[in-house]
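Biologist: Could you take me through one part of this model at close range? I'd like to go slowly and stay with a single site.

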Amino acid sequence: MTQDVLITAEDIGKHFPLPQGVVSRLSGRPAPAVHALNGVSFQLRRGETLGVVGESGCGKSTLARCLVRLHECDEGRILFEDQDISALSGTARRAFNRRVQMIFQDPFGSLNPRMKVRSILSEALSVHKMRPAADIPARIAELLDLVRLNPDAADRYPHEFSGGQRQRIGIARALAVEPEVLVADELVSALDVSVQAQVVNLLLDLQDKLHLTVVFVAHDLRLVRHISHRVAVMYLGKVVEIGPTEDLFSAPRHPYTKALLDAAPELDPTRRSRTVAARGELPSPINLPQGCLFHTRCPHALDRCRTERPALTPRSPDHEAACHLTEFGNPETTT
Amino acid sequence: MSGPKTTEPVLDVRNLTATFGDGELTAVNDVSFTVGSGEVLGLVGESGSGKSVTLRSIIRLVPASGDVSGEVRWQGQNILAMRDAELRGVRGGQISMIFQEPMSALNPVLPVFTQIEENLKAHTDLDGNGRRARARELMDMVGIPDAARRLKEFPHQFSGGMRQRVMIAIALASNPRLLLADEPTTALDVTIQDQILKLILDLRDELSMSVVLVTHDLGVVAATCDRMAVMYAGRIVETGTVSEVFAQPNHAYTRGLLGSVPHAGTERSRLLSIDGTPPPLDRIPPGCAFNPRCEFATDACRATVPPLQDLSPGRSVACFNRDSVVAAGSPV
Ligand SMILES: Nc1ncnc2c1ncn2[C@@H]1O[C@H](COP(=O)(O)OP(=O)(O)OP(=O)(O)O)[C@@H](O)[C@H]1O
Ligand SMILES: Nc1ncnc2c1ncn2[C@@H]1O[C@H](COP(=O)(O)OP(=O)(O)O)[C@@H](O)[C@H]1O
Ligand code: SF4
Ligand code: SF4
Ligand SMILES: [Mg+2]
Ligand SMILES: [Mg+2]
């Protein structure tokens, strides 16, 4: 299968050292750190929406920030069209910064409160010299129209907008520089349900119109399922399963994915269960479990799982999971 | 089986209204509902719709700047008219409450045992030994292992999910007949949310409590509640059993809300979104508060507030054009 790969993450790691003294000096141990990413690998294909899902602290935002180079990886590397992004500098780095845009979760914090929408958008346009000065007003009108805001929005400040409208301004700012990739971190999580749906509809329209490639990071499985062509499930800083959305949701091949799907409340009162989907709590990312990261909560754990960390291996076409039980969830062998 | 419609309700809320700032802002507007014995009632709505104020008004926990009127019938009495001494026996006693952010409701400088014991002292006759034994029992009941050790610990030593379990243990110390839960799982991860919701259901069964569960997540309602009441801009716009409302929403807002949540079968298609945003409570549009966002709105909707009308026992709706809404069908 030949797919047009835009970004490749190769076994990337990111660790945040803890300030000494917070954790009392532990004798003989390596310096304590939060292990936010522990060997993440995947490919992002041109034109697709890749959903990244997992519970809080599993490393979704850290991954998003590494992808746009707001963080440098400590291990592994990220290739953008076969170029290691950590080696980009000068014009090449500026081009990367333009072509890969991030939209943040917090529609309130990410817009300068003292700048009118017009200045916010024209700043983005001029940093990357997208348009001659004379064309900027027309482009601003076009951008506002694209995200379905009134033209008079240009002369208002961020605080004059609702959460959903502010998120549209964030999207307009990202689109101003005509990016190819959007990395959206919890784009609609702070919004009310009815407003979430508006922004989700807008994102789907824009993607069709502008042929965008999207990394959609969210903790809400229902949203991720709705938007993504493929989904990567993360647990404790690792991708434990990745595959086509329908396949992954109908036949999850990793026990954690299965638990996550069982725990997510579906919109169907006729399908209730009283069985707890996953017992126990998330281990600390400071002291990672040996072996499989999920073994402390996995109902299927074997002895081997406590010592040997499984790697992502193919399960069905285009679908990989990191679990020693290679038959887990296989619709052809389970009844 | 729970929530039989024929038995007397344990809680009967009538025309509850809560205002702030000398009546300038009406957070809860003429709200009426009942809760049956052993029933889990879901109170659902978007942020600012008045869910928390409703819940707090039931046990008179709104700040002094708020004014609450109406009636809250509980065991033959009106809580809103009780003297303070009586109220103390009910609040935190027969009726307990848990919150979204347990950290703000727990006392950070007291060990967990002391906080459970305070409630046991106030609402039981147990002596010191009895209280210690009961506290351990409560910790077991809410699924906190190693109870003896953990009782000595402080709230910050617990994870978010464990803190919510501690809150529930404190709430259960008084053997409540009714648990008021305000978004108890909103701050939690989905696997932990699943654990807590199922714990609440198990406790409901074991202790035959009733529960009012406030949430903004219709999935949580579908998975947990027997009946539901939908709030918009301070009013209840629709009530019914969860299966009735999901199968046939009668109010345009309920229908829009159901359509806004992605579910199996909607992948990469446009969601039935609702235009606009909920109104600020000090600028509620005249007539039906939902009319500027409503695709079914007619002139009547802009002129008059639609009354909440009973369709059958326990099933009610406040919409002038419910026939059109019903004809449009359920989005789920
Ligand atoms: N002490 C107070 N003083 C003034 N206004 C208040 C007070 N408490 C609540 N309100 C207002 O009452 C309205 C309803 O609040 P409430 O917390 O009940 O909403 P909610 O539906 O639970 O919202 P959320 O889901 O965001 O918690 C809001 O507009 C809120 O700002
Ligand atoms: N700047 C930072 N310094 C220290 N720890 C961090 C930093 N950023 C993230 N972390 C830690 O890394 C882990 C993963 O964080 P994050 O990627 O933000 O999770 P998510 O977005 O999935 O909730 C968490 O344990 C978090 O506390
Ligand atoms: S490798 Fe073992 S512990 Fe890990 S998910 Fe698979 S069965 Fe469970
Ligand atoms: S009363 Fe009118 S405006 Fe209100 S929900 Fe019904 S149709 Fe819409
Ligand atoms: Mg995050
Ligand atoms: Mg609330």
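Which residues surround ligand 2?

Modeller: Happy to! Keep in mind that this is a predicted model. Ligand 2 is surrounded by residues of chain A. Along the sequence, the shell begins with F16(A), V34(A) and A36(A). Then comes a run made up of E55(A), S56(A), G57(A), C58(A), G59(A), K60(A), S61(A) and T62(A). P285(A) completes the list.

Within that run, the backbone deserves a closer look. G57(A) places a backbone N or O atom 2.9 Å from an oxygen atom of ligand 2. For G59(A), a backbone N or O atom sits 3.3 Å from an oxygen atom of the ligand. Between these two in the list is C58(A), with a polar backbone atom 3.4 Å from an oxygen atom of ligand 2. As for cover, ligand 2 would expose 560 Å² if taken alone, and the protein buries 61% of that area.

Now to the secondary structure. Two elements of chain A, β2 (33-45) and α1 (60-67), are those that give two or more residues to the shell around ligand 2. Of the elements, α1(A) gives the most, with three residues.

Finally, the chemistry of the shell: five of its residues are nonpolar, five are polar and two are charged. Putting the site together, you have backbone atoms of G57(A), C58(A) and G59(A) facing ligand oxygens at the distances above, with α1(A) as the leading contributor to the shell.

Conventions. Residues numbered from 1 in each chain as written. Chains lettered and ligands numbered in written order. Predicted model: local features only at pLDDT ≥ 70, side-chain atom pairs only at ≥ 80, totals over all residues. Heavy atoms only, no water. Near = heavy atom within 4 Å. Polar contact = N/O pair within 3.5 Å; in protein donor to acceptor, adjacent residues only side chain to side chain. Areas by Shrake-Rupley, 256 points an atom, 1.4 Å probe, with all protein chains shown as cover. Helix = DSSP H or I, 4+ residues; strand = E, 2+ residues; numbered from the N terminus. Nonpolar A, V, L, I, M, F, W, Y, C, P; charged D, E, K, R; others polar.
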